[in-house]
Amino acid sequence: MTPEQFVAGLPKAELHMHLEGSIEPDLFIRLARRNGVEIRWKTEEELRAAYSFEDLQDFLDLYYDGCRVLVTAQDFHDITREYLARAHADRVLHAEMFLGVQGHTTRGVPLAAVMDGVLGAMAEAEAADGISAGLIVVAQRHRTEAEALELLESLEPWYGRILGFGLGGAEVGHPPSKFSEFFRRCRALGFKVVAHAGEEGPAGYVREALEVLQVQRLDHGNACMDDAALVAELARSRIPLTMCPLSNLRLNVVPSVAAHPLKRLLDAGLCVTVNSDDPSYFGGYVNDNYLACQAALGLERAELVALARNSFEAAFITDERRAEALQAIDRWARQAEAA
Ligand code: HPA
Ligand code: ZN
């Protein structure tokens, strides 16, 4: 069995992806036409050629501009349904998806269109493919904490259908502590809490996310490498890191996948997971990320299994579902061994 075949059949959870970052060029053009939104690119090829970035901000400028094609509940439904179908094809059994709600409501899209579009597609995907999904609303860190608090309040009608809250967008200059009250309220309401930290920001931001925001997972977390005591603490606590190797490559967070800290952190005992971040922009879905790591870091089959197991250890699911998923991984590993 080739690594491609092994990864393709490996049951996994995806825990770090932005729904707005999963719009494939063909869907992007269809949505622009459907909504009469003027875009700079005429063809899928032109769009793909534009997906070359200097850094996070350079990417975010294009990404936020791209969000203009999302207007109706149907649009939010379609991107969610397409992502979940694509994830199912990668043998993702469970997905936790980020949604940057403020990027839409500030353009005048009704909150109900955003939320009901996404939530309806999640239910459809589960009925069709058995894939479970959770929604994590991310506050945009370039905006104020007051705006994040308004966002939280406005979502009250959907509280029962939201898994958690996170923090995304331009990192440097916007430390986690800027959102301490927002996270305190999210935790008090019983939501799961996560935050992007240490993608472009320093190890100190990773510490703040843990100590001030009390996050249950770190998104990226690469910069923890610069603080040995922090690495030891993460190994002890098993607070998961949702890492995104191809994203890090495309945004110049690492010079090559071979230089990515994923394997060093796995070896150090951290609960490291592999994810796609913004798959249509960064040239790969979750399996592409596993395979890029396998090739560049020389991962053994046992390490691919460990990464998949970590994804379910890190997922916000019931212990029963976790046990089922871990058994499915073991079954696949035995089947591959026998092949
Ligand atoms: N980092 C921060 N915010 C984001 C990203 C990312 O990689 N993708 C979409 N929003
Ligand atoms: Zn991200």
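Biologist: In which helix is the place of Ser 247?

Modeller: Ser 247 has its place in helix α12, residues 245-250. A helix here is a DSSP run of H or I with at least four residues, a strand is a run of E with at least two, and both are numbered from the N terminus. The model is predicted, so local features need pLDDT of at least 70 and side-chain atom pairs count only at pLDDT 80 or more, while totals for chains, interfaces and linings use all residues. Residues are numbered from 1 along each chain as its sequence is written, chains are lettered from A and ligands numbered from 1 in the order in which they are written, and side-chain values use heavy atoms, with hydrogens and water left out.

Biologist: Why does Ser 247 count as buried?

Modeller: Its relative accessibility is 0%. Buried means under 20% relative accessible area, exposed means over 50%, and partly exposed lies in between, with a 1.4 Å probe and protein chains only. Ser 247, at 0%, therefore counts as buried.

Biologist: What makes the link between the side chains of Ser 247 and Asp 277 a polar contact?

Modeller: The contact between these side chains is 2.8 Å. A polar contact is a pair of N or O atoms within 3.5 Å; within protein, one must be able to donate a hydrogen and the other to accept it, and residues adjacent in sequence count only if both atoms are side-chain atoms. The value of 2.8 Å therefore falls within the cut-off.

Biologist: Which residues coordinate the zinc ion (ligand 2)?

Modeller: The zinc ion (ligand 2) is coordinated by NE2 of His 16, His 18 and His 196 and by OD of Asp 277, at 2.1 to 2.2 Å. Donors are N, O and S atoms within 2.8 Å of the metal (3.2 Å for Na, K and Ca), and water is not among the atoms, so sites may look incomplete. Along the chain, the donors follow the spacing H-x1-H-x177-H-x80-D. His 16 lies in strand β1 (residues 12-18) and Asp 277 in the loop between β8 (272-274) and α14 (279-282), so this pair ties together parts that are 261 residues apart in sequence. His 16 and Asp 277 are both buried.

Biologist: Why is the site of the zinc ion (ligand 2) called irregular?

Modeller: The angles among its four donor atoms run from 83 to 173°. Four donors count as tetrahedral if all angles lie between 85 and 135 degrees; four count as square planar and six as octahedral if opposite donors are over 155 degrees apart and all others between 65 and 115; anything else is irregular. A range of 83 to 173° does not fit the tetrahedral limits, and the site is assigned as irregular.

Biologist: How do you know that β4 and its neighbours pair?

Modeller: Two strands pair if DSSP finds at least two bridges between them. Strand β3 (residues 132-140) and β4 are parallel over five bridges, and β4 and strand β5 (residues 192-197) are parallel over two bridges. In the β3 pairing, Ala 139 stands opposite Leu 167, and Val 137 has Phe 165 as its bridge partner. Towards β5, Gly 164 stands opposite Lys 192.

Biologist: What is the handedness of the unit made by β3, α8 and β4?

Modeller: With helix α8 (residues 145-154), the two strands make a right-handed β-α-β unit. The chain then crosses from β4 through helix α9 (residues 180-188) to β5, again a right-handed crossover. The term applies if, with the strands pointing away from the viewer, the path from the first strand over the helix to the second runs clockwise.

Biologist: What makes β4 mostly covered?

Modeller: Five of the five residues in β4 (residues 164-168) are buried. Gly 164, Gly 166 and Gly 168 point one way, and Phe 165 and Leu 167 point the other way. Eight of the nine residues of β3 are also buried, so that strand is largely enclosed by the rest of the structure.

Biologist: Where is the place of Ser 132, and which side chains does it contact?

Modeller: Ser 132 is in strand β3, and it is buried at 9% relative accessible area. Its side chain makes polar contacts with those of His 94, at 2.7 Å, and Arg 321, at 3.0 Å. His 94 also stands opposite Ser 132 in β3, where strand β2 (residues 92-99) and β3 are parallel over six bridges.

Biologist: How do you know that the span of helix α16 agrees with its number of residues?

Modeller: The expected span is 1.5 Å times one less than the number of residues. For the 14 residues of α16 (residues 301-314) this gives 20 Å, and the end C-alpha atoms are 20 Å apart, which agrees.
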